[in-house]
Amino acid sequence: MKMNDRQTLKLIKKELNNAAAKADVPERLQKEFIVDMLKNGVKQEKDFSDKTGTNKIIYLRRIAAAAAVFVIVAVSTIFVFRDKPFISNTDPTAKSGFDMDSPIRKIKSIDEIEKAVKNIFGGKNSADDKSSAADGRKENPEYVAAPKNETDELNHGIVDGEENSSSQAADIVRNDGKYLYIVTSNTDREKGITSEQIKIVSAVPAEEMKTVSTITLSDSSAHRDECFEIYLKGNSLIALMKRYSGDPSASKEASTIALFYDISDPTAPVKTREHIQDGSYVSSKIYGGRLCLITNKKLSDMGEKELSIPAFSVDGIISRLGADNILMSVNDPEGSYLFITLTDIDNSSEEVGKLAILGSGSNIYCSSGSVYISRAFVSVEADEQGNRKNLTEIYKFNCSVSGIGLSGSCVLEGNVPSSSFMDEFGGNLRVASLDSNSGSIYILNDKMEIIGKLEKAFNISFIPNIKFIANKAYIIGSGSFTVIDLSDPAAPASSVSDKSGSFALDLFKLSTSKYIGVSHDSSSGSTVLTLYDISDSDSPEAVSTYSLDSSFSLPAADDEKSLMVINGKNIFGIPVIKNNTSTGSEISEYILFNTSDGIISPLGTFDHDGNYISDAAVRAEVIGNILYTISGKRVVAFSMTDALKISTAEIR
């Protein structure tokens, strides 16, 4: 964990303790202050550790910083709604003023967009809004503006419903069985220009490993680009980049770029297309042979008085959306567009599918064929006690060969804090929502109609973590554990309640019945790995633990993608840095663990760099029986049989 992350965590814990004692919310725990603490930490020069990933990986959220992130997300969500608390019993009239049946609708004209934008910034009491009623709501509401619910940036993200799908996964390291594709960067210190690159390394045979080509993605001094993800699909390589506006040192995202390359000959890749899309990156996914790219364009970035319609360009040809490609969030719209495109990867002449939702874009969940968008808002009117109702609306969009289309929408009671609270299974969407002291489970069909629900399914004292596994939902809370049986969608039922000693907050799938949990023991400073067996899905059991003592640290503790699973072999691996107390030096290592006999045991330790200074291995790839450990400077090939080094290829 970075030092500023440790300090932030310590500060937040202290303030939480003070808040609990005073039953008050201190200024330093307000959402804005916490987000500012995260954003304005000590600036560090970017290296490979900011770009991490591997093939056949189940993504690991920040390991050593997991507690800090969890606290921050939870605290932020709670305090965002401090004046709009979770209410379970509110007068039904609290919903009046909103459209519960059709929370999203089509835009008919550009003039209508201009009116909608004006309303978003003007609010319900806009001086030039002559149609306002005495109670602040419009008599014939086309757009309803309730008190603003500012979206927590930490909730923007994606939970992918297709774990272990190598053809669909994106990362900054990929392999096709013969070649490694590695995103890295190179800085020309004399010119002050950092070039984003993809190194293509011939990995087979391992004894002859070498870099065979370099793709320079960007080396402009006029702006700053950052490649954060690549897809490998057949003979196509797709690089996704964030472009920051103005000064190269600026941190404000202006657009998102997708660069397409033909890698039929990896030694001579050919750029085939450049797609530039308005807005900051939210998420992406490959559906069949099409890239779905989702960005968010804030209206404030466009200028409040300027009518700006989302646009994208393909090889310099700009396409701007028409009114028929734009939908509108009716209930308390946000000041932004959520912008979705669908691009045929192999056929550049195929028309790009395009869609924008004005006023929406909080949480994104991508399943095998759909994109779900959820957004929270609060009721216009309050109940007799002055409390407002928390509501969540969810839209479903199908992504297919024919394009992007709205499948349905719904409004649920309660708050859905993040995309991890949604899961698609058997054609149905399962959703967990929270009120003041309990949570409910909803089951929706493919038309977004509620076909089953369990109200007050679990108790909460804090925002819990949710893990959907097959026909079960596991609610992992503060000192409590609940299992919800979802085998009958029409009648979900609580099968186990308030069982302590349950899952770790983060779980990673090894097999259909085995999961790995990673946690940090603050008292000893050790990292604890736990093997869970869910053969009895009603009663998951921790069957084995393994601790890495405080001499080990995790170089990838503050990135989002770390733990590698070798599918079908009950083997997983993590990168570590070992502190040699006798010499004061540090060693970059990679450790593989075996769990085939139900016990976590080290399979081998692989020495990537015996004198680590600043560029540790943070990822690994496996091809056959060869393990490739990867840092920003080099790739090292090892035999997995005896952990002996085979060869090294320098990439920077």
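Glutamate 393 and arginine 375 are both buried, where buried means under 20% relative accessible area, exposed over 50% and partly exposed in between (1.4 Å probe, protein chains only). The model is predicted, so local features need pLDDT of at least 70 and side-chain atom pairs count only at pLDDT 80 or more, while totals for chains, interfaces and linings use all residues. Residues are numbered from 1 along each chain as its sequence is written, and side-chain values use heavy atoms, with hydrogens and water left out.

**Exercise 1.** Determine how the side chains of glutamate 393 and arginine 375 meet, and which strands they tie together.

*Solution.* Step one: the two side chains form a salt bridge of 2.6 Å, N to O. The term denotes a side-chain nitrogen of Lys or Arg within 4 Å of a carboxyl oxygen of Asp or Glu. Step two: because glutamate 393 belongs to strand S21 (residues 388–400) and arginine 375 to strand S20 (residues 370–382), the pair ties together parts 18 residues apart in sequence. Strands (E, at least two residues) and helices (H or I, at least four) are DSSP runs, numbered from the N terminus. Step three: the structure holds 17 salt bridges.

**Exercise 2.** Characterise the salt bridge of lysine 389 with glutamate 413, and state whether each residue is buried or partly exposed.

*Solution.* Step one: the closest N and O atoms of lysine 389 and glutamate 413 are 3.0 Å apart. Step two: lysine 389 is in strand S21 and glutamate 413 in strand S22 (residues 403–413), so that the pair links distant parts of the chain, 24 residues apart. Step three: lysine 389 counts as buried at 5% relative accessibility, whereas glutamate 413 is partly exposed at 29%.

**Exercise 3.** Repeat the analysis for aspartate 538 and lysine 472.

*Solution.* Step one: these residues form a salt bridge, with 3.7 Å between the closest N and O atoms. Step two: aspartate 538 is in the loop between strand S33 (526–533) and S34, and lysine 472 is in strand S28 (residues 472–476); the pair links distant parts of the chain, 66 residues apart. Step three: aspartate 538 is partly exposed, with a relative accessible area of 30%, and lysine 472 is buried, with 9%. Salt bridges that share partners also join Arg290, Asp344 and Glu350 into one network.

**Exercise 4.** Classify the aromatic pair of tyrosine 546 and phenylalanine 593.

*Solution.* Step one: a search of the whole structure finds six aromatic pairs. Rings of Phe, Tyr and Trp (its six-membered ring) pair if their centres lie within 6.5 Å; planes under 30 degrees apart count as stacked, over 60 as edge-to-face and the rest as tilted. Step two: tyrosine 546 and phenylalanine 593 are edge-to-face, at 5.3 Å centre to centre and 65 degrees between the planes. Step three: tyrosine 546 lies in strand S34 (residues 541–548) and phenylalanine 593 in strand S38 (residues 585–594), so the pair ties together parts 47 residues apart in sequence. Step four: tyrosine 546 is partly exposed at 26% relative accessibility, and phenylalanine 593 is buried at 0%. Tyr546, Phe572 and Phe593 form one aromatic cluster.

**Exercise 5.** Establish the strand order of the open sheet that contains S34, and its edges.

*Solution.* Step one: the sheet has four strands in the order S31-S32-S33-S34, with antiparallel pairing; two strands pair if DSSP finds at least two bridges between them. Step two: strand S31 (507–509) and S34 are the edge strands, each pairing on one side only. Step three: S31 and strand S32 (residues 514–521) pair in the antiparallel sense over three bridges, and phenylalanine 508 has isoleucine 516 in S32 as its bridge partner.
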